Amino acid sequence: MIGRVLITGASGALGSSVVRRFAAAGQPVLAVQRGDSVEGVTRPTAAAAPEAVAIRSVDLTSTGGVARLFAETARAG
C-alpha cells in the first residue's frame, strides 16, 4: 500500500474533511478511526477515490492496534 495517506480520527469533523480533500485530489486514502463509524466517511468518496479504504476500531495507542492496522492494510491491498 505504498503511496496512501493515513488519516487517523477519520470519522470526526476535521478527519472526515481531510479524507474528502485528499480523495477529491485523487490521492489514495487510508481512513482509520478508534470507533465504528469510519466506513461512512469513505463511502461518499468512492467515486472520486476508489482507493479510499476505511479501517474501524483501531487504537493506535497500543501495539496490538498498530499490528492490526498493518494486517488490515495488507488485506486492503
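Two strands pair if DSSP finds at least two bridges between them, and I keep that rule in mind for the entries below, all of which concern a predicted model.

**Entry 1, strand pairing.** I looked up E1 and E2 and found that they pair in the parallel sense over four bridges. Within this pairing I noted that valine 5 stands opposite valine 29 in E2.

**Entry 2, overall layout.** I then stepped back to the whole chain, where the secondary structure comes to three helices and three strands, and reading along the sequence I wrote down the pattern β-α-β-α-β-α. Of the 77 residues in the protein, 34% are buried. For contacts with a separation of 6 or more, I recorded that 41% are between residues 24 or more positions apart.

**Entry 3, the cores.** Which residues form the largest nonpolar core? I listed seven: Val5, Ile7, Ala10, Val19, Val29, Ala31 and Ala52. Strand E1, which covers 5–8, and strand E2, which covers 29–32, each supply at least two residues of this core. I also found a second, separate core of six residues, with Val32, Val53, Val58 and Leu69 among them. As background I noted that in soluble globular proteins nonpolar side chains tend to be buried together.

**Entry 4, strand E2 and valine 32.** I checked both faces of E2 and found them covered, with Val29 and Ala31 buried on one side and Leu30 and Val32 buried on the other. In a regular strand the side chains alternate between the two faces of the sheet. I looked more carefully at valine 32, which lies in strand E2. Is valine 32 buried or exposed? Its relative accessible area is 2%, and because buried means under 20%, I entered valine 32 as buried. I also took the distance from valine 32 to glycine 15, and these two are 17 residues apart in sequence and 9.2 Å apart in space, C-alpha to C-alpha.

**Entry 5, the surface.** The accessible surface of the protein comes to about 4,400 Å², and I noted that 56% of this belongs to carbon and sulfur atoms. Where on the surface should I place a nonpolar patch? I found one of about 350 Å², made by Leu6, Leu60, Val66 and Phe70. Phenylalanine 70 has its place in helix H3, which runs over residues 63–76. The relative accessible area of phenylalanine 70 is 59%, and since exposed means over 50%, I entered phenylalanine 70 as exposed.

Terms used:
Residues are numbered from 1 along each chain as its sequence is written. This is a predicted model: local features need pLDDT of at least 70, side-chain atom pairs count only at pLDDT 80 or more; totals for chains, interfaces and linings use all residues. Side-chain values use heavy atoms; hydrogens and water are left out. Patches are made of residues with over 30% relative accessible area and no salt bridge: like charges are joined within 9 Å, nonpolar side chains (Val, Leu, Ile, Met, Phe, Trp, Tyr) within 5 Å. Accessible areas come from the Shrake-Rupley method with a 1.4 Å probe; for residues, only the protein chains shown count as cover. A salt bridge is a side-chain nitrogen of Lys or Arg within 4 Å of a carboxyl oxygen of Asp or Glu. Buried means under 20% relative accessible area, exposed over 50%, partly exposed in between (1.4 Å probe, protein chains only). A nonpolar core is a set of buried Ala, Val, Leu, Ile, Met, Phe, Trp, Tyr and Cys residues joined through side-chain atoms within 4.5 Å. Contact means heavy atoms within 4.5 Å.
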